[in-house]
2 protein chains.
Amino acid sequence: MKIIRVLSEPNRLHIVELLRDGPLTVGEIAAKLGMRQPQASKHLRVLSDAGLVEVHPSANRRFYKLRSEPFKELDTWLNSFRSIWEDRFDRLDDYLHDIQQQEKNQSSKK
Amino acid sequence: MKIIRVLSEPNRLHIVELLRDGPLTVGEIAAKLGMRQPQASKHLRVLSDAGLVEVHPSANRRFYKLRSEPFKELDTWLNSFRSIWEDRFDRLDDYLHDIQQQEKNQSSKK
DNA sequence: TATAAATATTCCTTTGAAAGAATATTCCTT
DNA sequence: AAGGAATATTCTTTCAAAGGAATATTTATA
């Protein structure tokens, strides 16, 4: 789950969202994000090391493009939580409520 | 997308995965993760501030439980990247699957 | 080949967040 | 009311990672 750690940096999240619409060069990314080129390169290095992007050199420039695997992985992980928001979990509230009642009764029992 | 920044800390990711199986108290979490109680409390504070968990006090203890909204939000965000890893052939299947999910959600919403 | 454009790397400084330790708070039990 | 268990908070220290600035590298073109 490297993707989460890597995307926790706001600029990198932004870069990934830019690349959602297609590959871009370093310069284009730097310009769109209002950052200097070295910073863009550094963030792209981190993204590349984590496997989130791949590079396609073209003449002078380098196009960065999203890779799918990390997103698939995140999707799989997220799916393991799906039962939580499909509201099968609400009876746990009742369970906790029962616990509270039991303890209340015990304490007032003597 | 606070959820990504909050889950970038490994211990917090671990806590969330523990809570996937149901609510736990601070002490239980600290024990299972081999960390000291104050650290557990501090991480839970961060998770709580970000809306990832909610608290259910019960006598001496406090049960922490996952909230669904941030996960839904992450799911929505992730879906905006789905075209990247599921091109042309699978599109129809995904569309149908999404429709089914939507109907499921609607019916459980009431 | 020299120069310019695009990109990468290195070094240094700064900053934010996590850990550690001690203490405070809350609530139950006796 | 006192003591104890569970949890929260505060303060300090530590450390990794991001930014800034300068420079190196690569590739194209004159």
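A polar contact is a pair of N or O atoms within 3.5 Å. In this predicted model, Arg62(B) makes such a contact: a polar side-chain atom lies 2.5 Å from a phosphate oxygen of DNA strand D. Chains A and B both contribute elements to the surface near that strand.

**DNA strand D: contacts**
- The elements giving two or more residues to this surface are α2 (10–19) and α4 (37–49) of chain A, plus α3 (26–33), α4 (37–49) and β3 (61–66) of chain B.
- α4(B) supplies the largest share, five residues.
- Strand D is surrounded by 21 residues, and Lys42(A), Gln37(B), Ser41(B), Arg62(B) and Tyr64(B) are the closest.
- Sugar and phosphate make up 56% of the strand D atoms that come within 4 Å of the protein.
- Arg45(B) also reaches the backbone, with a polar side-chain atom 3.2 Å from a phosphate oxygen.
- Asn60(A) places a side-chain N or O atom 3.3 Å from a base oxygen.

**DNA strand C: contacts**
- Around strand C there are 22 residues, with Gln37(A), Ser41(A), Arg62(A), Tyr64(A) and Lys42(B) nearest.
- Arg12(B) has a side-chain N or O atom 2.7 Å from a phosphate oxygen.
- Two side chains meet base nitrogens of strand C: Asn60(A) at 3.4 Å and Gln39(B) at 3.3 Å.
- α4(A) gives the most to this surface, with five residues.

**Surface composition**
- Near strand D, the residues are five nonpolar, nine polar and seven charged.
- Near strand C, they are five nonpolar, ten polar and seven charged.

Conventions:
Residues numbered from 1 in each chain as written. Chains lettered and ligands numbered in written order. Predicted model: local features only at pLDDT ≥ 70, side-chain atom pairs only at ≥ 80, totals over all residues. Heavy atoms only, no water. Near = heavy atom within 4 Å. Polar contact = N/O pair within 3.5 Å; in protein donor to acceptor, adjacent residues only side chain to side chain. Helix = DSSP H or I, 4+ residues; strand = E, 2+ residues; numbered from the N terminus. Nonpolar A, V, L, I, M, F, W, Y, C, P; charged D, E, K, R; others polar.
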